[in-house]
2 protein chains.
Amino acid sequence: MNKNIKCYGSSKILNELQNTNPLFLCVIASTKTSNIPGITGAGVTPELTDYTPAADLELVIHGEPRCLAEIPQTVVGDAPAPTPAVITKASLNIADIPIMVADAGAAIKPDVPYIKLNEKPGEDIRLGNAVPDARKIFENGILLGKTLSKLTDHLVIGESTPAGTTTALGVLTALGYDARMKVSGSMPENPHDLKHEVVLEGLQAAGYKEGDVVEDALRAVEIVGDPMIPAVAGIVIGSEVPVTLAGGTQMTAVCSVIKGVQNEFDFSKLCISTTIFVAEDETSDINHITRQIGDISIFAVDPEFEKSQVPGLKSYLNGSVKEGVGAGGAMMVSMLKGESIDDIRLNIEDLCKKIF
Amino acid sequence: MNKNIKCYGSSKILNELQNTNPLFLCVIASTKTSNIPGITGAGVTPELTDYTPAADLELVIHGEPRCLAEIPQTVVGDAPAPTPAVITKASLNIADIPIMVADAGAAIKPDVPYIKLNEKPGEDIRLGNAVPDARKIFENGILLGKTLSKLTDHLVIGESTPAGTTTALGVLTALGYDARMKVSGSMPENPHDLKHEVVLEGLQAAGYKEGDVVEDALRAVEIVGDPMIPAVAGIVIGSEVPVTLAGGTQMTAVCSVIKGVQNEFDFSKLCISTTIFVAEDETSDINHITRQIGDISIFAVDPEFEKSQVPGLKSYLNGSVKEGVGAGGAMMVSMLKGESIDDIRLNIEDLCKKIF
């Protein structure tokens, strides 16, 4: 196996994915939870996090954001860290991998052709009624997964959902998984206590006490999830081809919902692909979460940003951003198509120089 | 060649399409022109034509309309003629051909996952400012065509646009083609004079006198077109694989825009596929229009509805409906995948019995 792809769990699926022609789908969504000060770094201000998913995908498709004058950057860190959208774009373009966008409920809609799964953003989970349409979004996801899996032999699903690790913590906690202090985040300092408080407030608002387990996975999403989670869970269940979940701990919440809806789901036809920045993050533990759900292989790509000439990319080494817009999975499938990590990194750097 | 596929022009492309794995994309749109009484049969009342595209695609995807309690039927004729959506659904399902939906500006949005290209319906063309965003829709179409052509080796594009033959007449007339009395329609009596008056009124409102030629194809769409036309023209230009335009005379307007935007466009990688009800319609002349544009092959499928046990389908023989939702092209690609016209017709009948 490639030395820049670290494997946690069985590496068997990676051989099966070696000669596939992947389709990369990025699912975007918002949750008003991202407007809580201090909860996410995915935006210059809490309010601007509403624009991040749209701006990210505009950057991937057009090479520049259109809904915002400025490129999304995560502001905490030594140098402003560029959005992971540049990693995704560079990785997919170099290997000529097709990209589609699906809207599961972004606050600001991207100026690109996109697949509409749901209109409305999620509510602040503290209200305990975050995604009233979770079942409908899930059903639409199933339909989309069925269709897309007729058009590709490998579906790669990324996401852009500011504050998505908090809603992931919400769903995991509601479903009885031990995820406290384990979800990742976009800042070097992971505000675990704030995330935990926000989740408990939401569960309590819906009538649950600490430690109560919500029996119905989609009900957990309704209460304290975000719209991306049921969309991606549905797409995975609808897919008839192998799926790579391109994301960090947010994708473990997707897996928990898949398991909750289909207890017999075969996780051997699925993997999570992320960056080394998530997998080796000392403020979170993705493996601790997935182990509780099932035999889910995790692959973590190391883009060796320590070799980079772009200071912003080095901020990733200090815990800024870490992942997003399917960056880890995009690098992995690019490598599966024969690109070297050095070429991918050079492409990312070129893109950074061009657009920042 | 199959005796149920009549060819006008070169049949060469049909051999090239024989072993392809098609993707069927249906582009839906509305134009307020459809609210003019008497101009279209695609709806029980002029106002209900706003619901027809959404209801059609809900029927194709879910097997039933959701935005309307009633199935769209064209009301003129001996027996109410079922929407061509049943032909499309039966033809594509039997051959397991994947279906996607794109919204170029439907008044009512379908309750299915769909690709968003444009939000707003077209205006009444009598105002002479029908599709202000035509260029933007065209650009989005190009992006979508590029992406989809990475996922299939044969793109089949249908449409559902009530009053679309009137807007087609508008664009063709504006661009200097002789299309008067030549566009088709969904009723046995084709209201040619009304369509012509409406088009002239629109051109005059935009400052053009009868016989003036609009030099810019997308400007013609802006004045007297509908949002489907620039969307499909863009998708065709963006596509890197052969395209079948699944529709009647509306698709000639698409071809006129393609020619107007790219004078050197190679029409040998494209064909129009429709029903025998359009191709042999005595109230219109699709060949007369295409001959003025370029060497465009037209294939017309005869589903032999005279053999049908369903009275509504026999209404097609008397000039009701004729085409729509890509019905002709859907039957053709189903036949290219090995289905017989008898099996396709039986499937259509079964579907009619199930849902009406």
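At what angle do the axes of helix H8 (residues 228–238) and helix H9 (residues 250–261) of chain B cross? I started my notebook there, keeping in mind that this is a predicted model.

**Entry 1: H8 and H9 in chain B**

I get a crossing of roughly 60° for H8(B) and H9(B), with the axes coming within 9 Å. That makes H8(B) oblique to H9(B), because 60° is neither under 35 degrees nor in the 65 to 115 range. The hand of the H8(B)–H9(B) crossing is right-handed.

Next I looked up who touches whom. From H8(B) I noted Ile229(B), Pro230(B), Val232(B), Ala233(B), Val236(B) and Ile237(B). They meet Ala253(B), Val254(B), Val257(B), Ile258(B) and Val261(B) in H9(B). Sorted by class, this contact has 11 nonpolar residues, with no polar and no charged ones.

**Entry 2: H3 and H13 in chain B**

I stayed in chain B and went to helix H3 (residues 85–94) and helix H13 (residues 327–336). Their axes are 8 Å apart and the packing angle is about 20°. H3(B) and H13(B) are therefore roughly parallel to each other, as the angle is under 35 degrees. Their crossing is left-handed.

On the H3(B) side I wrote down Ile87(B), Thr88(B), Ser91(B), Leu92(B) and Ile94(B). H13(B) answers with Ala327(B), Ala330(B), Met331(B) and Ser334(B). The class count for H3(B) with H13(B) is six nonpolar, three polar and no charged residues.

**Entry 3: H3 and H14 in chain A**

Over in chain A, I checked helix H3 (residues 85–94) against helix H14 (residues 341–355). The axes come within 9 Å and cross at roughly 125°. H3(A) and H14(A) are therefore oblique to each other. H3(A) passes H14(A) in a right-handed crossing.

H3(A) puts in Val86(A), Ile87(A), Lys89(A), Ala90(A), Ser91(A) and Ile94(A). From H14(A) come Asp343(A), Ile344(A), Asn347(A), Ile348(A), Leu351(A) and Cys352(A). I sorted the residues of this contact into eight nonpolar, two polar and two charged.

**Entry 4: where the chains touch**

How many residues of chain A are in contact with chain B? I have 18 residues of chain A against 18 of chain B. On the chain A side, the elements giving two or more residues are strand E5 (99–105), strand E6 (114–116) and helix H4 (134–148). H4(A) gives the largest share, four residues. By class, the chain A side has 13 nonpolar, three polar and two charged residues.

I then looked at the strands. E6(A) pairs with strand E6 (residues 114–116) of chain B in the antiparallel sense, over three bridges. In that pairing, Tyr114(A) stands opposite Lys116(B) in E6(B).

**Entry 5: how the copies are related**

Last, I laid chain A on chain B. A turn of 180° with a shift of 0.0 Å along the axis does it, at an RMSD of 0.0 Å. The two copies are thus related as by a two-fold rotation axis.

Which C-alpha of chain A is nearest the axis? I found that of Ile115(A), 2.0 Å from the axis. Ile115(A) falls within the 114–116 stretch of E6(A), the strand that pairs with E6(B). I also noted that the same surface serves both copies, since 100% of the contact residues of chain A recur in chain B.

Terms used:
Residues are numbered from 1 along each chain as its sequence is written. Chains are lettered from A and ligands numbered from 1 in the order in which they are written. This is a predicted model: local features need pLDDT of at least 70, side-chain atom pairs count only at pLDDT 80 or more; totals for chains, interfaces and linings use all residues. Two residues are in contact if their C-beta atoms, placed from the backbone, lie within 7 Å. Ala, Val, Leu, Ile, Met, Phe, Trp, Tyr, Cys and Pro count as nonpolar, Asp, Glu, Lys and Arg as charged, and the others, Gly among them, as polar. Two strands pair if DSSP finds at least two bridges between them. Axes are lines fitted to C-alpha atoms, for helices over the stretch in contact, and angles run from 0 to 180 degrees between N-to-C directions. Angles under 35 degrees count as roughly parallel, over 145 as roughly antiparallel, 65 to 115 as roughly perpendicular and the rest as oblique. A crossing is left-handed if the near helix is turned anticlockwise from the far one by less than a right angle, and right-handed if clockwise. Copies are superposed by least squares on the C-alpha atoms of residues with pLDDT of at least 70 in both.
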